[in-house]
Amino acid sequence: TRDFRAYCAKEWERGHSYPYAICRRQAPERPFGMIHARRRGEEVEFGYVLARAEWGKGTMSEALKALADWVLAQPGVTRATAFCDVENLASARVMEKAGMVFEKEMLGYQVLPNRALSPRDCRLYVKTAP
């Protein structure tokens, strides 16, 4: 955890990516998830993780929508993207609830260690600037 926190701090300082902890206002010292924004030219890609006890409460959809809308309002950003394993229907629903639309399936796109150590097929979701 300490190494990951140090990595996140370095990424933020370098301007490569922007990780945000997700917590309740009344308990900011106890994060239960995170969302990570990575800028790649005119596109910002999001990744996220949430404690299992918090699944299904709408928290991640709310966070993703807020950050996607915010980045799309920034100069030079035209696309917000996120992807999930093809079998992760709950994550696909998070992206849909955040206003993203399915763009394409990507074969053998990403190693997702919680699923397998070989590249998995993923679904890409996109939200574009108005």
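Good morning, everyone; the secondary structure of the protein chain on the screen comes to three helices and six strands, and I should say at once that what we are looking at is a predicted model. If you read along the sequence from the start, these elements follow the pattern α-β-β-β-α-β-α-β-β, and I will use that order to place the residues I talk about.

Let me begin with the chain as a whole. For 130 residues, a compact globule would have a radius of gyration near 14 Å, and the protein chain has 15 Å, which agrees with that expectation. Along the principal axes, the C-alpha trace spans about 40 × 35 × 30 Å. Of the 130 residues, 35% count as buried, while the chain exposes about 8500 Å², of which carbon and sulfur atoms supply 53%. If we take the contacts with a separation of 6 or more, residues 24 or more positions apart account for 49% of them. As for charge, there are 21 positive and 16 negative side chains, and the centres of the two sets lie 4 Å apart.

With that overview in place, I would like to turn to strand β3, where two of my chosen residues, E45 and V49, are found. Is E45 buried or exposed? With a relative accessible area of 11%, E45 is buried, because the limit for that class is under 20%. The side chain of E45 is joined to that of R40 by a polar contact of 3.0 Å, and, once residues up to four places away in sequence are set aside, E45 touches H36, A37, R38, R40, T81, F83 and Y109. Further along this strand, V49 has 47% relative accessibility and therefore counts as partly exposed. With residues up to four places away again left out, V49 touches G33, M34 and M60, and the C-alpha atoms of V49 and I35, which are 14 residues apart along the chain, are separated by 6.6 Å.

One of the residues that E45 touches is T81, so let me move there next. T81 has its place in strand β4, which covers residues 79-85, and T81 is buried, with a relative accessible area of 1%. What joins the side chains of T81 and E43? The answer is a polar contact of 3.4 Å. Leaving aside neighbours within four places in sequence, T81 is in contact with E43, V44, E45 and F46, and also with M100, L124, Y125 and V126.

Going back towards the start of the chain, we come to I22 in strand β1, residues 17-22. I22 is buried too, at a relative accessible area of 9%, and the residues in contact with I22, apart from neighbours within four places in sequence, are P31, F32, G33, M34, I35, T59, M60 and A63. Among these, G33, M34 and M60 are also touched by V49. The C-alpha atoms of I22 and A51, 29 residues apart along the chain, are separated by 10 Å.

My last residue is G56, and here I would ask you to look at the loop between β3 (43-50) and α2 (59-72), where G56 is found. Why does G56 count as exposed? The reason is its relative accessibility of 85%, because a residue over 50% is placed in that class. The C-alpha atoms of G56 and V94 are separated by 9.1 Å, although the two residues are 38 residues apart along the chain.

To gather the residues together before we discuss them, E45, T81 and I22 are buried, V49 is partly exposed, and G56 is exposed. Thank you for listening.

Terms used
Residues numbered from 1 in each chain as written. Predicted model: local features only at pLDDT ≥ 70, side-chain atom pairs only at ≥ 80, totals over all residues. Heavy atoms only, no water. Helix = DSSP H or I, 4+ residues; strand = E, 2+ residues; numbered from the N terminus. Rg over C-alpha atoms; globule rule 2.2 N^0.38 Å. Buried < 20%, exposed > 50% of the residue type's maximum accessible area, 1.4 Å probe, protein only. Contact = heavy atoms within 4.5 Å. Areas by Shrake-Rupley, 256 points an atom, 1.4 Å probe, with all protein chains shown as cover. Lys, Arg positive; Asp, Glu negative; His and termini not counted. Charge placed at Lys NZ, Arg CZ, Asp CG, Glu CD. Polar contact = N/O pair within 3.5 Å; in protein donor to acceptor, adjacent residues only side chain to side chain.
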